[in-house]
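Notebook open, model loaded. I want to go through some helix packing and then the charged pairs.

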Amino acid sequence: MRLVLVLALFASFAAAKEQLVSGSETEELFLRSADGTDVYVALNLPAGDGPFPAVLVIHGGAGGNRRATKSMASPSSSISLVREFIKRNWVVLSTDYRARAVFGKEEDDVVAAFQYLRNHPRVDRGQIACWGGSHGGHLALRIAERYGPDLACVAVGSPWIPDPISYLYGDPDNEPLVHYSKATLRFLLKRRQQFLSDLPLTSGTTRQDHPRQLHERSILENADKITCPTLFVTSHGDDIVPHVMVEPVIRKAKENNGQVRVFTAQDAEHGFYHRSENEEQERARTAILAFFDAHLTGDGSSKPQASTVASGE
């Protein structure tokens, strides 16, 4: 595979494609973010001219992870959801985002990937979906809040820090933290000080600007802007982003959006939606695929029949 350098949305200096499975093409690209920074992405295209439905996939964990980004557009990915997206003849664009840019320029990076998909000649721009888990779920919801009418749907697994004000400044003895488990509070409080010390660097603001920046980029504060069909995948057993942490976002999103659905596991740990090793994980995977099958209605000639549709709470 040769590396393709894309220094602008439409310009490329080299183009080489690898046939990884019959009928699919995968490329590694660099897109240009709003400030000119290169953003690494991996693109898997079905054979043919299209236009095809497309899924923007955003990995979790820290930014600056090319290995995870590449895996999440590969037909041989360890994540079965990705393999199923590709089998359905959907374009899959997996995007990285810069490290240590939380509540800041990482959002511009995933926007660049979304805009690239919207303008790709082989993508049906009315059939673009977004999927992300944890940190990727947070960024997927920010895409939905900013570009909801342009999305066919969005699905997220345990979206990270949905309410940054309470996460970073909340009192464990008061709402909403009082409802969190001891394990969740331990993790939250351990991470809080590091986040607060890094925030000027990651968000590009001064400490005095923190409240404004956090409100502007809060999933909870902007949940009423999520207008596209949305699936939340959560778990009561997740100690990092438990269902109770996401529940206020779900309630607010439902106030203005009758197409919000929720799949909630009982005991599954963080990241369960990317595995299929037990019944809960397999049920979540089935619900996610059924949700996308219901809303991505383009070519998808190899798309199997959906067996389960996630239901709202």
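These are my entries on helix contacts and salt bridges, all read from a predicted model.

**Entry 1: helix 2**

I started with helix 2, residues 80–87, and asked how many of its residues are buried. I got 6 of the 8, so this helix is largely enclosed by the rest of the structure. The buried ones are S80, L81, V82, E84, F85 and I86. I then looked up what they pack against: strand 2 (38–46), strand 3 (52–58), helix 1 (66–71), strand 4 (91–95), strand 5 (123–133) and helix 9 (279–295). Just after the helix I noted N89, which has a positive phi of about 65°.

**Entry 2: helix 2 on helix 9**

Next I took the pair of helix 2 and helix 9. Their axes are 11 Å apart and the packing angle is about 30°. That is under 35 degrees, so I logged helix 2 and helix 9 as roughly parallel. The crossing is right-handed. On the helix 2 side I found S80, L81, E84 and F85, meeting R285, I288, L289 and F292 of helix 9. By type, the contact residues split into 5 nonpolar, 1 polar and 2 charged.

The charged residues made me check for a salt bridge, and E84 does form one with R285, at 3.2 Å between the closest N and O atoms. E84 sits in helix 2 and R285 in helix 9, so the pair ties together parts 201 residues apart in sequence. Both R285 and E84 are buried. I also followed the links outward: E84, K87, R88, E282, R285 and D293 form a network of salt bridges.

**Entry 3: helix 3 on helix 4**

Helix 3 (106–118) and helix 4 (135–147) pack at about 65°, axes 10 Å apart. That makes the two roughly perpendicular. Helix 3 passes helix 4 in a right-handed crossing. Helix 3 brings E106, E107, D108, V110, V111, F114 and Q115 to the contact, and helix 4 brings H135, L139, R142, I143, R146 and Y147. I tallied 6 nonpolar, 2 polar and 5 charged.

**Entry 4: other salt bridges**

The count came to 14 salt bridges, and I picked two more to look at. R217 pairs with E107, closest N and O atoms 3.6 Å apart. R217 is in the loop between helix 7 (210–216) and strand 7 (230–235) and E107 is in helix 3, so parts 110 residues apart in sequence are tied together. R217 counts as buried at 17% relative accessibility, and E107 as buried at 5%.

D35 meets R98 at 2.9 Å, N to O. Buried or partly exposed, I asked of D35? D35 is partly exposed at 40% relative accessible area, whereas R98 is buried at 19%.

Conventions
Residues numbered from 1 in each chain as written. Predicted model: local features only at pLDDT ≥ 70, side-chain atom pairs only at ≥ 80, totals over all residues. Heavy atoms only, no water. Axes fitted to C-alpha atoms, helices over the stretch in contact; angles between N-to-C directions. Helix = DSSP H or I, 4+ residues; strand = E, 2+ residues; numbered from the N terminus. Parallel < 35°, antiparallel > 145°, perpendicular 65-115°, else oblique. Left-handed = near helix turned anticlockwise from the far one by under 90°. Contact = heavy atoms within 4.5 Å. Nonpolar A, V, L, I, M, F, W, Y, C, P; charged D, E, K, R; others polar. Buried < 20%, exposed > 50% of the residue type's maximum accessible area, 1.4 Å probe, protein only. Salt bridge = Lys/Arg side-chain N within 4 Å of Asp/Glu carboxyl O.
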